[in-house]
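I opened my notebook to look up how the strands pair, and what lies around them. My notes follow the order in which I looked.

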Amino acid sequence: MATTKKAKDPITDTAIHILKGAIVNVLNTPLTISSECKSSSKGRLTVAFESPTKPTDAQVLQIEELSNAKIQENIEIEVINIDRHVAEEKYRKEPVNGMYIYDKAPVPASVTNLSLVHIPGWSVNCCPSSHLKSTGEVGAIRIIGVNHRPLKHELEFSFEIGSPSSVASSSSSKSSKSSTTSSTSTPTNTPASTVPPKTLTPKQLTNELIHMILEASSSSSASSSASSSSSSSLATEEEK
């Protein structure tokens, strides 16, 4: 018996769009590899990440705090239905917070109209699922795990969704732990090591992303053409 694929949860899916904007702000990583949002209380987001070192506790805390600040702003979430070619042209020229509209997996060439989820100045993504009406409806986001896979150039964030008070308490505890670690590991009058400067600007990363997507789309079209050609040859042989 065939099983029905579970739909994305609108709360967690909306949280992923908020979290993505914060990750881009802190780590400059605009390409999503995959996401999981079938539960209304937790989810996962994996992004492309070229650094050989895992983000610091301070960076992870900053991502969480930025996410929750955006939730507190209670910004309206826009769902835009738009012609595919118009959308591609528009967001190539005007990426949102360094983001293009597609993830790593290309949208099939047969799709001519797109549904975009847009949080003004924060994130934009092609996503046909249901979402909340505003960021404030999410409640709060708490990052509970970060899995760095350097050989795959991936960084996975696991998170929970809860009340603002519970997340505030958790963030305070993380901040205290981070400060304690920093003070014990850094000698007096010796500056702590800093994160290496970014080598690519958001615009450069966006251009790389567009190039990857176009290559994937071209490869997909070539594969489809080859398949059609093969099928035609088989049909001719059968007629003979």
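**Entry 1: the sheet.** I started with a term: two strands pair if DSSP finds at least two bridges between them. The model I am reading is predicted. I looked up strand S4, residues 113-119, and found 4 bridges joining S4 to S5. S4 and S5 run antiparallel. I picked one bridge to look at: Val117 has Asn125 in S5 as its bridge partner.

Then I looked at the whole sheet. It is open, has 3 strands and follows the order S3-S4-S5. The pairing is antiparallel. Which strands stand at the edges? They are S3 (78-83) and S5. Each has a single partner strand, so one side of each is left without a neighbour in the sheet. I also noted the twist, which averages 25 degrees from one strand to the next.

I noted a general point here: strands of a sheet pair through backbone hydrogen bonds.

**Entry 2: a helix on the sheet.** I asked what helix H3 touches. H3 covers residues 84-93 and packs on the sheet, touching S3, S4 and S5. The direction of H3 makes about 115 degrees with that of S3.

**Entry 3: one residue in S4.** I chose His118, which has its place in strand S4. Is His118 buried or exposed? Its relative accessible area is 13%. The cut-off for buried is under 20%, so His118 counts as buried. I then looked up its contacts, leaving aside neighbours within four places in sequence. Among them are Glu76, Ile77, Glu78 and Ile80. Val96, Ser123 and Val124 are also in contact with His118.

**Entry 4: the hairpin.** I moved to S1 and S2. S2 covers residues 42-48, and 4 bridges join S1 to S2. These two strands run antiparallel. A hairpin links S1 to S2 through 5 residues. Across the pair, I found Glu36 opposite Arg44 in S2.

**Entry 5: a pocket.** I looked up the second largest pocket last. Its space comes to about 610 Å³. How many residues line the second largest pocket? I read 31 residues. Nearest its centre lie Lys8, Ser35, Asp103, Cys126 and Cys127. Helix H1 (10-27), strand S1 (32-36) and strand S5 (123-126) each supply at least two residues of the lining. S1 gives the most, with 5 residues. I sorted the lining by type: 16 nonpolar, 7 polar and 8 charged.

Methods: Residues numbered from 1 in each chain as written. Predicted model: local features only at pLDDT ≥ 70, side-chain atom pairs only at ≥ 80, totals over all residues. Heavy atoms only, no water. 1 Å grid on protein atoms, 1.4 Å probe; cavity = no way out; pocket = protein on both sides within 12 Å on 5 of 7 lines; lining within 4 Å. Points joined across faces, edges and corners; volume = space filled by probe spheres on them. Nonpolar A, V, L, I, M, F, W, Y, C, P; charged D, E, K, R; others polar. Axes fitted to C-alpha atoms, helices over the stretch in contact; angles between N-to-C directions. Contact = heavy atoms within 4.5 Å. Buried < 20%, exposed > 50% of the residue type's maximum accessible area, 1.4 Å probe, protein only.
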